[in-house]
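This briefing walks through one protein model, topic by topic, for a reader who is meeting such a structure at an early stage. Please keep the sequence and the 3D view open while reading, and look up each residue as it is named.

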Amino acid sequence: MERLAINGGPKVIPQEHSHLLKWPKIGEEEFSAIRNLLDMQRPDYKPYDFYNEMVYLEQEFASYMGVKYALSENSGTAAIHSGFFALGIQPGDEVIAPTYTYWATSMPARVLGARIVFAESDPDTLCIDAADIRRKITPKTRVIAVTHVWGIPCQMDEIMNIAREYNLKVLEDAAHIPGGEYKGRKVGTIADVGCFSFQASKLLPAIEGGMLVTNNKEVWERAVSFGHYGFLTEKNRPGKDSPYSEFNCTGLGFKYRIHPVSAAIARIQLGKLEENNAKREACMGYLAEGLEGIPGIRVIKAPPYTHRTYWGFRIAYKAIELNGLDKDKFLYALRAEGVMCEDERYDLQHQQIAYRVNAYGPKFSRAPLEERQSLPRTEALKSTLIGLPAFPEAPQELMEQYIYAFGKVTAQADRIAKITIKNQDIAKPPDKHSVIR
Ligand SMILES: Cc1ncc(COP(=O)(O)O)c(C=O)c1O
């Protein structure tokens, strides 16, 4: 049997390959769009022309997604905040949200005074579990928020059926999945409102930025009035006949419009989205298939009737199939072979103090302070998760090396069990600058 790298054997992946994770890919097209936008010497330049960029982006995004309204925002978080406001969240309401996600899925609803009721995650997809959503509904529930985590679509049919049954609204956090599909429909356009992020690491990067999409005119008008005071453009904004045009002068307290430079980058990146997604799919799909069936791990996959994206990639560790081998030792042995891998990086939201204190002041929220919510299934699931890099592009050879390394390590679990690892080498949770998402 081939000697393990931890025991002095040859590494399966001797070559440094972290440069393959470089993202975003900004090239001449983006530079030339920015130069053109900022060039005040061009003959057709007019003051405030910059802002047309945001209107063009909205038109192009709406057309790509096949929705009536797209509203550009300066972040995905701003899009979600506006989305909860647009859906009518008020103090005392309850929002059901996943615990296994980034904080921006639910914290903006907390800011509006809602109590966040967390639901368990589906172990197959890591997305919010529709059956648990149903269990968490109370007379105060108003909105269900879902995240298509790492680019895997949620169980949208089940979730929309529950929403119809109980007369609830649904917000899709589609930050990880621009271009993904669920039963032939673009993810992010299925519920009442969908929110995308254009932050630098995302699949449609504009360095910072976001987009809210909806087919509901009032939802769009409310979102515009929330974060887009003093409409800079007549185009793509509610007309005088809208009741919300009364707020044109002041808005409702936020300035959430996208930076025109980000809008210019986003327009170019939108044109490259499908090609870029396909490149990720080519290598990550190959890796997923190759890892399938290796004992000790389970690949987290999207249901066959969906088309996922790869903003992140997770496998679940099954120690029981490797005679109980410790996860830290497993990761240590993989790293020694040259595999970039790490322990789960997401903190579970229901364990965070921000949801249990009135940080804005005692009178701010009518939501009662409470003990930490308990989500034992997701806590156990999280402890099994391992993150592998979602390569934007990589040679097939490298994916084959990854697959081979997993085979080599899992076949020698008993040997790995015997090693002692020093404290400083233990696979600790990654730091926030980790490139593995
Ligand atoms: C699931 C999810 N939702 C929302 C956001 C927020 O997006 P932004 O960083 O553009 O505010 C992120 C960002 O990482 C995210 O991962």
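Two strands are said to pair if DSSP finds at least two bridges between them. With that in hand, β1 and strand β9 (residues 210-214) pair in the antiparallel sense, and 5 bridges join them. The model is a predicted one, and the points below take up its strands, its ligand, one covered helix and a few individual residues.

**Strands β1, β8, β9 and β5**

- Within the pairing of β1 with β9, Ser 72 has Met 211 as its bridge partner in β9.
- Strand β1 (residues 69-73) is largely enclosed by the rest of the structure, because 5 of its 5 residues are buried, where buried means under 20% relative accessible area.
- In a regular strand the side chains alternate between the two faces of the sheet.
- Both faces of β1 are covered, since Tyr 69, Leu 71 and Glu 73 on one side are buried, and so are Ala 70 and Ser 72 on the other.
- Strand β8 (residues 193-197) also has 5 of 5 residues buried, so it is largely enclosed by the rest of the structure.
- On one side of β8 the buried residues are Val 193, Cys 195 and Ser 197, and on the other side they are Gly 194 and Phe 196, which leaves both faces covered.
- β8 pairs with β9 in the antiparallel sense over 4 bridges, and in this pairing Phe 196 has Met 211 of β9 as its bridge partner.
- Strand β5 (residues 169-173) and β8 run parallel and are joined by 3 bridges, with Glu 172 standing opposite Gly 194 in β8.

**The ligand and its surroundings**

- Around the ligand there are 16 residues, of which Thr 77, Asp 173, His 176, Ser 197 and Lys 202 come nearest.
- By class, this shell consists of 5 nonpolar, 9 polar and 2 charged residues.
- Helix α3 (residues 76-86) gives the most to the shell, contributing 3 residues.
- A backbone N or O atom of Gly 76 lies 2.8 Å from an oxygen atom of the ligand.
- A polar side-chain atom of His 176 is found 2.7 Å from a ligand oxygen atom, and a polar side-chain atom of Ser 197 likewise lies 2.7 Å from an oxygen atom of the ligand.
- Taken alone, the ligand exposes 390 Å², and the protein buries 93% of that area.

**Helix α7**

- Helix α7 (residues 217-227) is mostly covered, with 9 of its 11 residues buried, among them Trp 220, Arg 222 and Phe 226.
- The elements that cover these buried residues include β1, α3, β8 and β9.
- At the N-terminal end of α7, Asn 216 acts as a cap, with a side-chain oxygen 2.9 Å from the backbone nitrogen of Glu 218.

**An open sheet of 4 strands**

- In an open sheet, 4 strands follow the order β10-β12-β14-β13 with antiparallel pairing.
- The edges are formed by β10 (297-299) and β13 (342-343), each of which has a single partner strand, so one side of each is left without a neighbour in the sheet.
- Strand β12 (residues 313-317) and strand β14 (residues 385-388) pair in the antiparallel sense over 4 bridges, and Ala 316 stands opposite Leu 385 in β14.

**Individual residues to look up**

- Asp 129 lies in the loop between β3 (115-119) and α5 (130-136), where it is buried with a relative accessible area of 11%.
- Leaving aside neighbours within four places in sequence, Asp 129 is in contact with Glu 120, Ser 121, Asp 122, Arg 135, Gln 155 and Arg 377.
- Leu 126 lies in the loop between β3 and α5, is buried with a relative accessible area of 2%, and has a positive phi near 75 degrees although it is not a glycine.
- Asn 167, in the loop between α6 (156-166) and β5, has a positive phi near 60 degrees and is exposed, with a relative accessible area of 69%.
- Trp 23 and Pro 24 are joined by a cis peptide bond with omega about 5 degrees, and Pro 24 is found in the segment before α1 (28-38).
- Gly 290 lies in helix α8 (residues 260-291) and counts as partly exposed at 28% relative accessibility.
- Gly 290 and Ser 245 are 45 residues apart in sequence, and their C-alpha atoms are 56 Å apart in space.

Note on methods: Residues are numbered from 1 along each chain as its sequence is written. This is a predicted model: local features need pLDDT of at least 70, side-chain atom pairs count only at pLDDT 80 or more; totals for chains, interfaces and linings use all residues. Side-chain values use heavy atoms; hydrogens and water are left out. A residue is near a molecule or strand if one of its heavy atoms lies within 4 Å of it. A polar contact is a pair of N or O atoms within 3.5 Å; within protein, one must be able to donate a hydrogen and the other to accept it, and residues adjacent in sequence count only if both atoms are side-chain atoms. Accessible areas come from the Shrake-Rupley method with a 1.4 Å probe; for residues, only the protein chains shown count as cover. Helices (H or I, at least four residues) and strands (E, at least two) are DSSP runs, numbered from the N terminus. Ala, Val, Leu, Ile, Met, Phe, Trp, Tyr, Cys and Pro count as nonpolar, Asp, Glu, Lys and Arg as charged, and the others, Gly among them, as polar. Buried means under 20% relative accessible area, exposed over 50%, partly exposed in between (1.4 Å probe, protein chains only). Contact means heavy atoms within 4.5 Å.
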